[in-house]
Amino acid sequence: MSQDTTGSPAPAAATSAGHDQAPHVEALENLLHEDRKFAPSQEFAANAVATAADYTEAAADRPAFWARQARELLTWDKDFTDALDWSNPPFAKWFVGGEINAAYNALDRHVENGLGDRVAIYFEGEPGDTRSYTYAQLTEEVKKAANAFEALGVAKGDRVAVYLPMIPEAVITILACARIGAVHSVVFGGFSADALRSRIDDAEAKLVVTADGTYRRGKPSPLKPAVDEALSKEGHTVENVVVVKRNGEAVNWVEGRDLWWDDTVEAASAEHTAVGHDSEHPLFILYTSGTTGKPKGILHTTGGYLTQGAYTHKAVFDLHPETDVYWCTADVGWITGHSYVAYAPLINGATQLMYEGTPDSPHQGRWWELIEKYKVSILYTAPTAIRTFMKWGREIPAKYDLSSIRVLGSVGEPINPEAWMWYREVIGGNGGAKENPAPIVDTWWQTETGAQMIAPLPGVTATKPGSAQVPLPGIAVDVVDDAGASVPNGEGGYLVIREPWPAMLRGIWGDPERFKDTYWSRFEAMYFAGDGAKKDEDGDVWLLGRVDDVMNVSGHRLSTTEIESALVSHPSVAEAAVVGAADETTGQAVVAFVILRGDAVNKGEETVLELRNHVGKEIGPIAKPKQLLIVPELPKTRSGKIVRRLLKDIAEGRESGDASTLADPSTMVQIAESLRK
C-alpha cells in the first residue's frame with residue numbers, strides 16, 4: 001500500500017494486476033528471512049490493551065468478534081440485528097439494521113461522559129503557530145460547521161469536496177459532513193486543478209471547502225487558485241465554495257459562490273443534534289487513481305468502517321487514551337489520514353498532534369522537536385520518511401528527548417530491515433538510552449481495506465525487522481499461487497483476503513462492475529490486493545510491493561522491494577529506487593537509482609561496482625543492477641511516494657514525462673545534470 005505519511009498515506013491503492021503468474025521470490029534467505037526477533041518486554045505485555053485472547057475469540061467466530069467490538073467501542077442509536085450479511089458477494093453489509101452517527105461517536109459522547117476538557121487535537125502550523133481543541137471545543141466547532149453546511153443546502157446524501165491543508169478545519173469539515181450524513185470526498189492538496197475537477201464531477205459535489213493556501217517549506221503555498229481553475233469551465237455541480245483563511249494569500253472572489261469560513265461556520269449556531277444514519281450509509285468517497293483517466297472512487301460506509309478503525313487503532317498502537325499523545329503524520333488527503341487522524345483517534349477519545357508542514361522545515365529536526373514538545377508517545381509514519389531521516393543522520397534526533405515514545409508504527413510500503421532497525425534504535429530507543437526500545441508495528445492495509453489488516457500486536461507478537469507478520473484478529477489474509485491455493489511456508493505468491501472484513505470498501509462510486517472486475521475477478525471468491533507477498537518459515541507475511549513492481553529478468557521474477565532492500569543494507573546507501581527497463585537480451589534489466597548517505601564518499605565507478613556486487617552477494621548475480629546511477633535526490637510526490645515511471649523513462653532513454661505532481665519538479669533536472677556529469 002502506498003500512502004502519504006510524510007506530512008502526507010500515500011497509500012496508491014490496489015489496482016488489477018497485470019501478471020499471469022504468481023511472483024516467484026528469488027533467493028530471499030538474507031533479505032526476507034529474519035533470525036532477529038524482539039519480544040515485548042514483560043512490563044509492556046502486562047499492561048497491553050490487546051492480548052492473545054483476541055486471536056482465539058476471532059478464530060472461533062469472526063462476525064461475533066466484530067459484533068462485540070462494534071458494541072463495546074461505539075455508541076449506537078439503534079442496535080444492529082445481524083453482524084454480517086454476505087448473501088450478495090462481493091457486496092457486504094455489516095451490522096445490519098443498526099443506526100449510528102460517526103461525529104457523535106467521535107465527539108459528543110466523550111463530552112457527555114465527562115471528557116470535554118481532554119485535549120482532542122494539538123495543532124502546530126509550519127510557521128510555529130499553535131492551537132489546541134478540547135473535545136468540548138471540537139464538538140462545538142463541528143456543530144457550527146454542520147449548521148453552516150445545512151444552511152447552504154447540503155443535505156444527507158449530498159457530496160462535499162474537501163481540498164484543505166493539514167489544519168484542524170479539515171477534521172472539522174469531515175466530521176460535520178458525517179454528522180449530517182453528507183458524503184465527503186477529500187482531495188489531497190497537492191493534486192492539480194484537473195485532478196480536482198475530475199473528482200468533483202465524478203462525485204457530483206455540491207460544496208467545496210478549501211483554504212486560501214498553506215505553508216510549504218517556509219513559503220506560502222496557494223490552494224484556492226486550483227479550485228477556481230477547476231470550476232472555471234461550466235457543467236459542474238458546485239453551488240458554493242467555503243474558504244478558510246490560513247496564510248493570507250490574495251484570492252480571486254466569485255460573488256454568490258464563494259464564502260469565507262469565518263462568515264459562515266464561525267457565525268453559525270453551536271446547537272446541533274446528531275441523528276443516527278444506517279450502518280451502511282455512505283460515509284466518504286476517496287479517489288485512488290492518478291491525475292489521468294477516470295478516477296476510481298473508493299466508497300466506504302459507516303458502521304463497519306468505524307468499528308475496524310477503532311479496534312485496530314486501539315489494539316495495534318496499544319492505546320491508553322488517558323495518558324498517550326498520538327501522532328499520525330499522514331495528510332487527511334489519504335486513507336491513513338481519514339482512518340487514523342480524522343476518525344479512529346477521536347472515536348477512541350485520544351489526544352493527538354496535527355502538524356501542517358514537512359519534516360525539514362524550518363530545520364531537519366522539526367519532527368523530533370515536536371515529539372519532545374508534546375511528549376508524543378505513539379508515532380505512525382512511513383518508511384520513506386524513516387529512510388530520509390537515516391540519510392540526514394542520527395545526530396539530528398540525538399539532540400532531542402524522545403523518551404516519551406513507547407510505540408512506533410510504519411505504513412505505506414514495505415519497510416526494509418535496516419530502516420526498521422534504525423527506527424527502533426534511534427527513535428524507539430532514544431538513541432540507545434532505553435533498555436527496552438519501543439515496539440514497532442509495521443502495518444499493511446489499503447485505501448480499499450479502510451483499516452489495518454496485517455500488523456503485529458505489540459504486547460503479544462515477537463516482532464521481526466521488515467515484516468508486517470500476521471493478520472489481525474478477525475482478518476482472513478492468505479498468500480496464494482496462480483491457481484488460488486495457499487502457498488507453503490517459505491514461498492511467495494499473491495496476497496489475498498479470503499473473507500469479508502468490516503471496513504472493506506463497498507464498491508467504486510457509480511461503477512459496481514468495475515469494482516468486481518478490479519478486485520474480485522483474479523481469484524474466485526477472494527479479494528486480490530494487487531500485492532506480492534511471501535510467507536517465511538514461521539508463516540509470517542512479508543510484503544513484496546505491487547505485483548506490477550515485480551520484474552522478469554531472463555525468466556527470473558525479482559521484486560524491486562527486495563533489490564532496494566539489498567542496496568539500502570549497504571552502509572553507504574541512504575535510499576534507493578529500482579525499476580525494470582526494457583532490454584533486448586533479458587526482457588527486462590534492473591536499473592537502480594541510489595542516494596548516498598551524507599558521510600559516504602562517492603568514488604565514481606568504484607562505488608558503482610561495489611554496490612552492484614553487494615546486490616549480487618545479498619540476492620544473487622541475477623539481481624545485480626545492469627545500470628546503477630548515483631543521484632542527488634529521487635522524484636517524489638508531496639506525499640513522499642517515489643514516482644518510478646519518471647525513473648523508468650530515464651532508464652529506457654526517454655525524455656521524462658510530466659513532473660507536475662512532484663514535491664520538487666526540479667528533481668528531474670538535478671538527476672539529468674548528475675547523469676551528464
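Buried means under 20% relative accessible area, exposed means over 50%, and partly exposed lies in between. By that rule, Arg217 counts as partly exposed because its relative accessibility is 42%. The views below come from a predicted model.

**View 1. The whole chain contains 19 helices and 30 strands.** Its C-alpha atoms fill a box of roughly 70 × 60 × 55 Å along the principal axes. A compact globule of 677 residues would have a radius of gyration near 26 Å, and the chain agrees with its 24 Å. Of the 677 residues, 64% count as buried. The accessible surface comes to about 23600 Å², and carbon and sulfur atoms make up 47% of that area. Charged side chains number 64 positive and 94 negative. The centres of these two sets lie 2 Å apart.

**View 2. Strands S1 and S2 form a hairpin.** S1 covers residues 82-88, and S2 covers residues 91-96. The two strands run antiparallel and are joined by four bridges. Leu84 stands opposite Trp94 in S2. Two residues make the connection from S1 to S2. Pro90 is found in this loop. The peptide bond from Pro89 to Pro90 is cis, with omega near 5°.

**View 3. Trp86 and Trp520 link distant parts of the chain.** The chain holds 34 aromatic pairs. Trp86 and Trp520 form one that is tilted, with 6.1 Å centre to centre and 50° between the planes. Trp86 sits in strand S1, whereas Trp520 lies in the loop between helix H15 (512-519) and strand S24 (527-535). Along the chain they are 434 residues apart. Are the two partners buried or exposed? Trp86 counts as partly exposed because its relative accessibility is 28%. Trp520 is buried, with a relative accessible area of 13%.

**View 4. Tyr519 and Tyr527 form a stacked pair.** Their ring centres are 5.4 Å apart and their planes meet at 10°, so the pair counts as stacked. Both tyrosines are buried. They belong to one aromatic cluster with Trp86, Phe91, Trp501, Phe515 and Trp520.

**View 5. Helix H16 is largely enclosed by the rest of the structure.** The helix spans residues 560-568. How many of its residues are buried? The count is nine of the nine, which is why the helix is described as largely enclosed. Among them are Thr560, Glu562, Ile563, Glu564 and Leu567.

**View 6. Glu280 is buried in a loop.** This loop runs between strand S13 (277-278) and strand S14 (282-287). The relative accessible area of Glu280 is 18%, so Glu280 falls under the 20% cut-off. Thr302 is 22 residues away along the chain. The C-alpha atoms of Glu280 and Thr302 are separated by 5.7 Å.

**View 7. A cis peptide bond joins Ser361 and Pro362.** Omega is about 5° at this bond. Pro362 has its place in the loop between strand S17 (351-355) and helix H12 (366-374).

**View 8. Arg217 has a positive phi although it is not a glycine.** The value is about 50°. Arg217 lies in the loop between strand S9 (213-216) and strand S10 (219-222).

**View 9. Asn430 has a positive phi in a residue other than glycine.** Phi of Asn430 is near 55°. The loop that holds Asn430 runs between helix H14 (417-428) and strand S20 (440-442).

How values were computed:
Residues numbered from 1 in each chain as written. Predicted model: local features only at pLDDT ≥ 70, side-chain atom pairs only at ≥ 80, totals over all residues. Heavy atoms only, no water. Pairing = 2+ DSSP bridges. Rg over C-alpha atoms; globule rule 2.2 N^0.38 Å. Buried < 20%, exposed > 50% of the residue type's maximum accessible area, 1.4 Å probe, protein only. Areas by Shrake-Rupley, 256 points an atom, 1.4 Å probe, with all protein chains shown as cover. Lys, Arg positive; Asp, Glu negative; His and termini not counted. Charge placed at Lys NZ, Arg CZ, Asp CG, Glu CD. Phe/Tyr/Trp six-rings, centres within 6.5 Å; stacked < 30°, edge-to-face > 60°.
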